[in-house]
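Visitor: I have a model open and a handful of labels I'd like explained. Could you walk me through them?

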Amino acid sequence: MEFKSKIKTIEWVDTYSKMVDQTVIPYEYKFVNITGGQEMFDAIRNMIVRGAPAIGIAGAHGVVLFAQEGADKPRNEFIPWLLEKAEYMKTSRPTAVNLMWAVDRQIEVIKNSDSDVKGIIEELKENAIKLENQDIEINKKIGDYGAEVVPKGATILTHCNAGALATVGYGTALGVVRSAYAKDNTIQVFADETRPRQQGARITTFELAMDGIPVTLITDGMCSYFMKKGMIDMVVVGADRIAANGDTANKIGTYTVAIAAKYHNIPFYVAAPLSTIDISIKTGEEIPIEERSHDEVTHINGKRICAEGVRIINPGFDVTPHELISGIITEKGILRPDYNKTIRAVYE
Ligand code: MRU
């Protein structure tokens with residue numbers, strides 16, 4: 001039985017990109033139409049759209065939006081201008097490599113096209129829609145491979161949101177949950193709140209509730225307590241960038257969960273498409289970590305929660321060392337250690 005998720009996070013419609021506005025969940029579930037290239041850059045940076053695969057598709061849409069804006073330029077000016085805009089789009093957020101990957105797929109279209117300007121714009125639209133459709137198919141494959149390692153009646157802990165709302169649909173870590181739930185509706189999820197932006201509380205619980213999958217919200221510091229009590233059977237998280245040795249950048253706090261899982265002998269899986277693997281970097285040391293606004297730490301829902309003048313540091317991601325990862329669930333199957341070998345083998 002296939003699990004039917006109701007959520008489609010982002011899609012190309014005629015001349016614009018339609019996406020779920022993730023800044024207002026769970027208070028509202030509304031869509032916004034992004035009609036310009038700079039507007040898309042800002043939507044990615046301000047996290048109207050977020051989650052590695054979703055921002056990849058948003059970046060691909062952003063290139064089409066810029067292309068539409070340059071439609072009146074002569075071809076010999078249009079191409080270098082658009083390539084520059086595409087490079088700019090890649091800088092909207094630094095850590096999730098899916099953004100660079102998807103924009104690079106659009107850059108290939110631009111560079112390989114023999115068409116006139118109108119034709120290039122059409123080819124970019126077609127490619128964006130192809131990438132959207134592929135994302136859902138890939139997530140279903142990830143879900144099905146991952147479901148094979150979910151024990152019967154398992155409680156699965158996840159961190160941040162690697163769900164339908166972090167992708168075009170279905171999700172990576174929550175794709176595993178959806179596929180497992182389709183086979184065994186006695187499984188359940190424990191969702192970490194995920195400070196500072198609370199993607200776990202705001203988004204993961206929202207989307208699982210929408211799909212009718214049982215979920216319990218816990219705060220970030222509670223995970224080892226529940227692991228010690230034997231209440232967590234496995235951990236599945238998403239990823240923003242995976243180095244060639246398996247080191248994995250994901251939402252800040254993931255590393256803490258992985259250490260706790262290792263200590264309690266609980267399997268810790270990363271679920272991600274191959275587009276999240278950056279084989280150009282050897283280890284997680286090389287992954288750029290986004291530093292976000294201090295307001296995310298000092299304020300909750302616009303209300304200050306600490307004294308004025310307190311020093312703040314706010315890295316958006318951390319890197320979980322490969323030794324703590326039991327397996328990387330991809331659309332090509334579950335990669336196991338030694339990741340240097342198993343990751344390389346996928347590309348051979
Ligand atoms: O800052 P965000 O909300 O974009 O971070 C998202 C995450 O860290 C997700 O866990 C990751 O992108 C995987 S999404 C399938």
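Visitor: What makes T194 count as buried or exposed?

Guide: Keep in mind that this is a predicted model. The relative accessible area of T194 is 0%, and the buried class takes anything under 20%, so T194 is buried. T194 is found in the loop between β5 (188-192) and α7. Its phi is near 70°, a positive value in a residue other than glycine.

Visitor: And Q198, how do you know whether that is buried or exposed?

Guide: Same kind of reasoning. Q198 has a relative accessible area of 16%, which is under 20%, so Q198 is buried. Q198 lies in the loop between β5 and α7, and its phi is near 60°, a positive value in a residue other than glycine.

Visitor: Why is the ring pair of Y29 and F206 called tilted?

Guide: A pair of aromatic rings is described by the distance of the centres and the angle of the planes. For Y29 and F206 the centres are 5.6 Å apart, and the pairing limit is within 6.5 Å, so they pair. The planes stand at 40°, neither under 30 nor over 60 degrees, so the pair is tilted. By this rule the count comes to eight aromatic pairs.

Visitor: What makes you say that this pair ties together distant parts of the sequence?

Guide: Y29 lies in the loop between β2 (16-20) and β3 (31-34), F206 lies in helix α7 (residues 199-210), and those parts are 177 residues apart in sequence, so the pair ties them together.

Visitor: How do you know which burial class each of the two belongs to?

Guide: Y29 comes out at 28% relative accessibility; partly exposed runs between 20% and 50%, so Y29 is partly exposed. F206 is at 17%, under the 20% cut-off, so F206 is buried. Elsewhere, F41, F66, F78, W81 and Y88 form one aromatic cluster.

Visitor: What puts the charged end of K18 over the ring of F31?

Guide: The charged end of K18 is 4.8 Å from the centre of the F31 ring, and the distance limit is within 6 Å. K140 sits over the ring of Y170 too, at 5.8 Å from its centre.

Visitor: Why is the second largest pocket said to lie between the domains?

Guide: Domain 1 (10-139) and domain 2 (144-346) both give residues to its lining, so the pocket lies between them. It has a volume of about 180 Å³ and is lined by 15 residues, with W101, D135, I138, P273 and S275 nearest its centre. The elements giving two or more residues to that lining are α2 (52-69), α4 (97-112) and α5 (117-147), and the largest share, five residues, comes from α5.

Visitor: What lines the largest pocket?

Guide: The largest pocket has a volume of about 330 Å³. Of its 14 lining residues, R197, Q198, H299, N301 and G302 are the closest to its centre. By class, the lining has four nonpolar, six polar and four charged residues. At least three lining residues come from each of domain 1 and domain 2.

Visitor: Where are the cis peptide bonds joining I25 to P26 and P337 to D338?

Guide: I25 and P26 are joined by a cis bond with omega of about 10°, and P26 is found in the loop between β2 and β3. From P337 to D338 the bond is cis with omega near 5°, and D338 is found in the loop between β16 (333-335) and α11 (339-346).

Methods. Residues numbered from 1 in each chain as written. Predicted model: local features only at pLDDT ≥ 70, side-chain atom pairs only at ≥ 80, totals over all residues. Heavy atoms only, no water. Phe/Tyr/Trp six-rings, centres within 6.5 Å; stacked < 30°, edge-to-face > 60°. Helix = DSSP H or I, 4+ residues; strand = E, 2+ residues; numbered from the N terminus. Buried < 20%, exposed > 50% of the residue type's maximum accessible area, 1.4 Å probe, protein only. Lys NZ or Arg CZ within 6 Å of the ring centre and 35° of its normal. 1 Å grid on protein atoms, 1.4 Å probe; cavity = no way out; pocket = protein on both sides within 12 Å on 5 of 7 lines; lining within 4 Å. Points joined across faces, edges and corners; volume = space filled by probe spheres on them. Nonpolar A, V, L, I, M, F, W, Y, C, P; charged D, E, K, R; others polar. Domains from an automatic or database assignment.
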